[in-house]
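Visitor: Could you pick one part of this model and give me a close look at it, then work outwards from there? I'd like to follow along on the structure as you go.

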Amino acid sequence: MLDAGECLSTATIEQRGPIPVHLREAASHHLFGCDVCQEVCPFNGKERPPSRLSERNVAHARWGEVSLVDLARLGMAGGGSFAELVEGSPLHRATEEGLARNAALGLAHVEGSEAALAEITSQHPSPVVRDAAEWALARRRR
Ligand code: SF4
(Lines give C-alpha, C1' and ligand atoms only; values in the text may rest on other atoms or scores of the structure.)
Protein backbone atom coordinates (compact mmCIF):
# COMPACT_ATOMS: atom_id res chain seq x y z
CA MET A 1 0.00 0.00 0.00
CA LEU A 2 1.26 3.45 -0.89
CA ASP A 3 -0.21 6.55 0.72
CA ALA A 4 0.40 9.32 -1.81
CA GLY A 5 -0.17 11.87 0.94
CA GLU A 6 3.06 10.66 2.58
CA CYS A 7 5.12 10.61 -0.63
CA LEU A 8 8.02 13.06 -0.75
CA SER A 9 7.54 13.66 -4.46
CA THR A 10 3.98 14.73 -3.77
CA ALA A 11 5.14 16.87 -0.86
CA THR A 12 7.95 18.66 -2.71
CA ILE A 13 6.33 19.00 -6.14
CA GLU A 14 2.57 18.89 -5.87
CA GLN A 15 1.93 20.18 -2.35
CA ARG A 16 0.77 23.79 -2.28
CA GLY A 17 1.22 25.62 0.98
CA PRO A 18 3.29 24.27 3.86
CA ILE A 19 4.66 20.74 3.90
CA PRO A 20 3.12 18.85 6.85
CA VAL A 21 5.36 19.04 9.90
CA HIS A 22 5.78 15.26 10.21
CA LEU A 23 7.19 15.11 6.65
CA ARG A 24 9.60 18.04 6.92
CA GLU A 25 12.62 16.16 8.17
CA ALA A 26 12.45 13.69 5.28
CA ALA A 27 11.42 16.33 2.75
CA SER A 28 14.31 18.58 3.74
CA HIS A 29 16.71 16.18 1.99
CA HIS A 30 14.85 16.54 -1.33
CA LEU A 31 14.67 19.76 -3.31
CA PHE A 32 12.36 18.46 -6.02
CA GLY A 33 10.85 15.01 -5.89
CA CYS A 34 12.27 11.80 -4.54
CA ASP A 35 11.78 8.80 -6.84
CA VAL A 36 13.87 6.43 -4.72
CA CYS A 37 11.13 3.90 -5.47
CA GLN A 38 11.90 4.30 -9.20
CA GLU A 39 15.63 3.78 -8.62
CA VAL A 40 15.22 0.61 -6.59
CA CYS A 41 12.47 -0.96 -8.68
CA PRO A 42 13.96 -4.05 -10.39
CA PHE A 43 11.66 -3.64 -13.38
CA ASN A 44 12.90 -0.10 -14.03
CA GLY A 45 16.48 -1.37 -13.74
CA LYS A 46 15.93 -3.67 -16.68
CA GLU A 47 14.18 -1.07 -18.78
CA ARG A 48 16.44 1.90 -18.08
CA PRO A 49 20.16 1.08 -17.78
CA PRO A 50 22.19 3.41 -15.52
CA SER A 51 24.15 4.90 -18.45
CA ARG A 52 20.95 6.21 -19.99
CA LEU A 53 19.76 7.53 -16.66
CA SER A 54 22.95 9.51 -16.08
CA GLU A 55 22.82 11.06 -19.57
CA ARG A 56 19.32 12.26 -18.88
CA ASN A 57 20.19 13.69 -15.50
CA VAL A 58 22.80 16.24 -16.52
CA ALA A 59 21.92 19.60 -14.96
CA HIS A 60 21.46 22.74 -17.04
CA ALA A 61 24.62 24.87 -17.03
CA ARG A 62 22.66 27.81 -15.62
CA TRP A 63 22.22 25.85 -12.39
CA GLY A 64 25.98 25.76 -11.80
CA GLU A 65 26.04 29.04 -9.88
CA VAL A 66 22.75 28.63 -8.04
CA SER A 67 22.93 27.95 -4.31
CA LEU A 68 20.28 26.69 -1.94
CA VAL A 69 20.13 30.18 -0.44
CA ASP A 70 19.48 31.64 -3.90
CA LEU A 71 16.58 29.25 -4.32
CA ALA A 72 15.14 29.99 -0.88
CA ARG A 73 15.28 33.72 -1.75
CA LEU A 74 13.16 33.27 -4.89
CA GLY A 75 10.23 35.65 -4.58
CA MET A 76 12.13 38.12 -2.38
CA ALA A 77 13.18 41.55 -3.59
CA GLY A 78 16.51 41.06 -5.37
CA GLY A 79 15.95 37.30 -5.66
CA GLY A 80 16.60 35.51 -8.94
CA SER A 81 14.15 34.91 -11.76
CA PHE A 82 12.17 31.73 -11.29
CA ALA A 83 11.02 31.80 -14.93
CA GLU A 84 14.59 31.92 -16.24
CA LEU A 85 15.76 29.24 -13.84
CA VAL A 86 13.11 26.67 -14.68
CA GLU A 87 12.70 27.38 -18.39
CA GLY A 88 12.58 24.13 -20.34
CA SER A 89 12.49 21.96 -17.23
CA PRO A 90 9.74 20.32 -15.18
CA LEU A 91 10.79 22.35 -12.14
CA HIS A 92 8.11 24.92 -12.90
CA ARG A 93 5.61 22.36 -11.57
CA ALA A 94 6.72 23.01 -7.98
CA THR A 95 5.93 26.74 -8.36
CA GLU A 96 8.24 29.51 -7.24
CA GLU A 97 6.88 29.43 -3.70
CA GLY A 98 7.18 25.64 -3.50
CA LEU A 99 10.78 25.59 -4.71
CA ALA A 100 11.74 28.37 -2.29
CA ARG A 101 9.95 26.49 0.51
CA ASN A 102 11.83 23.26 -0.30
CA ALA A 103 15.16 25.09 -0.45
CA ALA A 104 14.46 26.77 2.89
CA LEU A 105 13.83 23.36 4.46
CA GLY A 106 17.04 22.06 2.91
CA LEU A 107 19.04 24.86 4.53
CA ALA A 108 18.46 23.02 7.81
CA HIS A 109 21.42 20.86 6.72
CA VAL A 110 23.75 23.61 5.55
CA GLU A 111 26.48 24.72 7.91
CA GLY A 112 26.45 28.50 8.40
CA SER A 113 23.01 29.06 6.89
CA GLU A 114 21.59 30.69 10.04
CA ALA A 115 21.95 34.30 8.86
CA ALA A 116 20.29 33.59 5.52
CA LEU A 117 17.51 31.69 7.25
CA ALA A 118 16.95 34.53 9.71
CA GLU A 119 16.68 36.98 6.80
CA ILE A 120 14.24 34.75 4.93
CA THR A 121 12.21 34.22 8.10
CA SER A 122 11.74 37.94 8.57
CA GLN A 123 11.64 39.24 5.00
CA HIS A 124 10.28 36.67 2.56
CA PRO A 125 6.86 37.79 1.30
CA SER A 126 5.47 34.24 1.41
CA PRO A 127 4.25 32.96 4.80
CA VAL A 128 4.84 29.43 3.51
CA VAL A 129 8.53 30.11 2.85
CA ARG A 130 8.92 32.03 6.11
CA ASP A 131 7.40 29.06 7.95
CA ALA A 132 9.81 26.63 6.26
CA ALA A 133 12.75 28.90 7.11
CA GLU A 134 11.63 29.09 10.74
CA TRP A 135 11.50 25.30 10.89
CA ALA A 136 14.97 25.02 9.37
CA LEU A 137 16.39 27.65 11.70
CA ALA A 138 14.93 25.91 14.74
CA ARG A 139 16.39 22.62 13.54
CA ARG A 140 19.84 24.17 13.09
CA ARG A 141 19.72 25.46 16.64
CA ARG A 142 18.76 22.11 18.15
S1 SF4 B 1 10.33 6.35 -2.56
FE2 SF4 B 1 8.74 6.83 -4.09
S3 SF4 B 1 6.78 6.63 -2.98
FE4 SF4 B 1 8.42 6.79 -1.46
S5 SF4 B 1 8.55 8.99 -0.95
FE6 SF4 B 1 10.02 8.59 -2.61
S7 SF4 B 1 8.92 9.01 -4.51
FE8 SF4 B 1 7.39 8.80 -2.88
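Guide: Let's start with helix H8. Its buried residues pack against H1, helix H2 (21-27), helix H6 (68-72), helix H7 (82-86), H9 and H10. Keep in mind that what you're looking at is a predicted model.

H8 itself runs over residues 95-106, which makes 12 residues. From its first C-alpha to its last it reaches 17 Å, close to the 16 Å expected at 1.5 Å a residue. Of those 12 residues, 11 are buried, so H8 is largely enclosed by the rest of the structure. If you want to click through them, the buried ones are Glu96, Glu97, Gly98, Leu99, Ala100, Arg101, Asn102, Ala103, Ala104, Leu105 and Gly106. Notice that Glu96, Glu97 and Arg101 are on that buried list, and that each of these three counts as charged.

Now look at Thr95, which also lies in H8. Thr95 has 19 C-beta neighbours inside 10 Å and counts as partly exposed, because a residue needs 20 or more to be called buried. Its backbone is worth a glance too: phi is about 70°, a positive value, although Thr95 is not a glycine.

From Thr95 you can hop across to Ala83. The two are 12 residues apart in sequence, and their C-alpha atoms are 9.7 Å apart in space. Ala83 sits in helix H7, one of the helices that the buried residues of H8 pack against. Ala83 itself counts as exposed, with 9 C-beta neighbours inside 10 Å.

Next, follow the chain past the other end of H8. In the loop between H8 and H9 you'll find Glu111, which is exposed, with 6 other C-beta atoms within 10 Å. Pick Arg140 as its partner for a distance check: the two C-alpha atoms are separated by 8.4 Å, with these positions 29 residues apart along the chain when you count from one to the other.

That takes us to H9 and H10, two of the neighbours of H8. Two packed helices are described by the angle between their axes and the distance between the axes. Here, H9 (residues 114-123) and H10 (residues 127-141) pack at an angle of about 145°, with their axes 8 Å apart, and H9 passes H10 in a left-handed crossing. On the H9 side the contact is made by Glu114, Leu117, Ala118, Ile120 and Thr121. On the H10 side you have Val129, Arg130, Ala133, Glu134, Ala136, Leu137 and Arg140. By class, the residues of this contact divide into seven nonpolar, one polar and four charged.

As for H10 on its own, it has 15 residues and reaches 21 Å from its first C-alpha to its last, close to the 21 Å expected at 1.5 Å a residue. Its buried residues are Val128, Val129, Asp131, Ala132, Ala133, Trp135, Ala136 and Leu137. H2, H6, H8 and H9 are included in what covers them.

H2 gives us a way over to another region. In the loop between H2 and H3 sits His30, which counts as partly exposed, with 18 C-beta neighbours inside 10 Å. Leaving aside residues up to four places away in sequence, His30 touches Leu8 and Thr12. By contrast, the C-alpha atoms of His30 and Pro18, 12 residues apart along the chain, are separated by 15 Å.

Leu8 is a handy stepping stone, since it is one of the residues around the ligand. The others there are Leu2, Cys7, Ser9, Cys34, Asp35, Val36 and Cys37. Helix H1 (8-14) and helix H3 (36-40) each supply at least two residues of that shell, and by class it has six nonpolar, one polar and one charged residues. The charged one is Asp35. Asp35 lies in the loop between H2 and H3, and its phi is near 65°, again a positive value in a residue other than glycine. With 14 other C-beta atoms within 10 Å, Asp35 is partly exposed.

One last stop is Gly5, in the segment before H1. Gly5 is exposed, with 10 other C-beta atoms within 10 Å. Gly5 and Arg141 are 136 residues apart in sequence, and 29 Å apart in space from C-alpha to C-alpha.

How values were computed:
Residues numbered from 1 in each chain as written. Predicted model: local features only at pLDDT ≥ 70, side-chain atom pairs only at ≥ 80, totals over all residues. Near = placed C-beta within 6 Å. Helix = DSSP H or I, 4+ residues; strand = E, 2+ residues; numbered from the N terminus. Axes fitted to C-alpha atoms, helices over the stretch in contact; angles between N-to-C directions. Left-handed = near helix turned anticlockwise from the far one by under 90°. Contact = placed C-beta atoms within 7 Å. Expected span 1.5 Å × (residues − 1).
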